[in-house]
Amino acid sequence: MFKIGAAICALWLAAAFLAGVLAPFDPIKDQNVNRRFTPPNKTHWFGTDSLGRDVFSRVLFGSRLSIAASLATALVSLFVGMAIGGIAGYAGGIVDDLMMRFSEMVQSFPPLILAMVIAAALGPNISNSVLAMAIIWWPNYARLARSLVISIKENDYVSASKILGASHYRILVKEILPGAIGPMLVMCTLDLGNAILMFSGLSFLGLGVQPPTPEWGAMVSDGVLNFNYWWISTFPGLAIFSVAIGANFVGDGIRDYFDPKMRREDWRETRKRKKEKKNEEDNI
Amino acid sequence: MCLALARFIVRRLFLMAALLLGVSLVVFLISHLVPSNPVAANLSQTAMNNPDTVAAYIAKWGLDKPVHEQYLLYMRNLLKGDFGTSIRTGRPVLDDLLHYFPATLELSVFAMVVAVILGILFGVLSAVFKDQPLDLALRTISVSGVSLPSFWFSLLIMSVFCGKLKWFPSGGRINPRLFNPTGGTGIYTLDAIMWGNWGMFADSFRHLVLPGLVLGFFTMGLIARQTRSNLLEAMSMDYIRTARSKGMGERRVVARHALNNALIPIITVSGMGFCNLLGGMVFVEKIFSWPGIGQYAYLSATTLDFPAICGVSLFIASTYLAINLFIDIMYGVVDPRIRYQ
């Protein structure tokens, strides 16, 4: 499963980087009303949309936005969550209380509605929808960071560093952070699929990327208006689905790798172990 | 035990009130910190050019008062049960919410029932037939559930089953030419049963099936994944080996011994799923033109109708907190070892 997911992700990453080379048509400028609503054929693999633009090229270019936006969302919430949760867990007391109550306040808010409100209020564009998603996402990371920091800071090497007179900043960044970053990154990969879904969802609702920029969610909503031409919405939708499923596979794989209970043994390892056992028995 | 439970519930209710206060505060902060202008968002260009109209509008919504006064005013009204008046619809927000709520309740409960039944069934089958083709197929379905963009999936299902095959009506809750249900609970399927109107039941149920299935699909995926991994963990325990060595049938081992012990995380994830459902509702209701809270939330958010946004947020947040409370109580029902502190 992990390998399939990694392959899908690699494919989309390649598409995002090489979109300029691979796309047979310009995704925005190459409009031609005479060829609008062309069903999929040899020239236009995924057909053309209401303005005669090539859907295949637009799907390729759309991968750039979706991947970049979801990565940005995950990373921004990771950093903000890590900073706030880390400080809360490290400081404890009233600072901890205040910061965690604040994050609970944000969390008790219905996420999509908060994202819609922020995106609508700030004005619909790419960076605002990323900001909106980061605002609703960081509390998850803050909670995880806090719990990790609380358990790590009890270690002897942290106390040792403290006795040696290290500054709080140094202790947090040099001693505690390396131990906390693993699980945080796992959570990050698990969230990537969700981030892609929500980003395209916001664009679908008209609260994210604006036309004519090629974005998958916006392309699907274009297909709603042109309901009889199935290819307009089907292909970008499939693109979202495949990236999300790839990210979910990869996330699951990484989580299982870090969680020894869930780790499944590879059949080659099983065979090797049996062989070794047999050798040992033969030696005796 | 009963006293402890009561104390637990009362404490949680206080916590809920505090969190709801937080929610209202967040909406208020957003509504006043953002560089958007609610006047410009709600008045037409011609109205904007008329200073009298603008002044009347600002006076009507108290937009010229300081922020904290506006908030206190809002809170005072809220405690009286007055959510304010929606800028967009011109009706009291509470009336709007109560008007749209039965539709959403009907849809979400149906979706949840489908999700729990299928999710647990798929998860159990997946765990029992671990690494066999059936497991692989079911896991693919459940991971698809959590990876499908619900807006696209709704569209796809609709174009196939309503457009091509014409098996189901393409949106709405009921055929308005045949039935015009007034009064009752507003939950059409339930009303139809109570009135014994089977034609109406069939019609409203046919409208309910597709959006319900689409909405439940995501939660089904969540539940199936969780069920599988927990059941597998439970199946590796010593008491399962004991049960098997006593000669107990495999079906009974799974149903009575393993599943019981895997239920807690499944309940947790079902609760999360229900909350997720409230988000997915926005897309599904929009595409299937289901007149519910999701559509209301979408329209309020895009028009920056802050009284309505605040009302909807408080409404959904309290539903969310109520679900969480219900789940915490369920823990104790499922696992008698859990005590409420």
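The following exercises, with worked solutions, concern a predicted model.

**Exercise 1.** Determine which elements of chain A have the lowest and the highest mean pLDDT.

*Solution.* Begin with the chain as a whole: chain A has a mean pLDDT of 83, and 94% of its residues reach 70 or more. Next, take the elements one by one. The lowest mean, 67, belongs to helix 10 (residues 267-283) of chain A, and the highest, 89, to helix 2 (residues 55-91) of chain A. Where pLDDT is low, the predicted coordinates should not be read in detail.

**Exercise 2.** Check the span of helix 4 of chain A against its number of residues, and establish whether the helix is covered or exposed.

*Solution.* Helix 4 (residues 111-122) of chain A has twelve residues; the expected span, 1.5 Å times one less than that number, is 16 Å, and because the end C-alpha atoms are 16 Å apart, the two values agree. For burial, the criterion is 20 or more other C-beta atoms within 10 Å. Eleven of the twelve residues meet it, and the helix is mostly covered; among them are P111(A), M116(A) and A121(A). Just after the helix, G123(A) adopts a positive phi of about 100°.

**Exercise 3.** Describe the side of chain B that touches chain A by its elements and residue classes.

*Solution.* First, count the residues: chain A and chain B each bring 36 residues to the contact. Second, assign the chain B side to elements: helices 1, 7, 8, 10, 12, 13 and 14 of chain B each supply at least two residues. Helix 14 of chain B gives the largest share, seven residues. Third, sort by class: this side of chain B comprises 26 nonpolar, nine polar and one charged residues.

Key
Residues numbered from 1 in each chain as written. Chains lettered and ligands numbered in written order. Predicted model: local features only at pLDDT ≥ 70, side-chain atom pairs only at ≥ 80, totals over all residues. Contact = placed C-beta atoms within 7 Å. Helix = DSSP H or I, 4+ residues; strand = E, 2+ residues; numbered from the N terminus. Nonpolar A, V, L, I, M, F, W, Y, C, P; charged D, E, K, R; others polar. pLDDT = per-residue confidence, 0-100.
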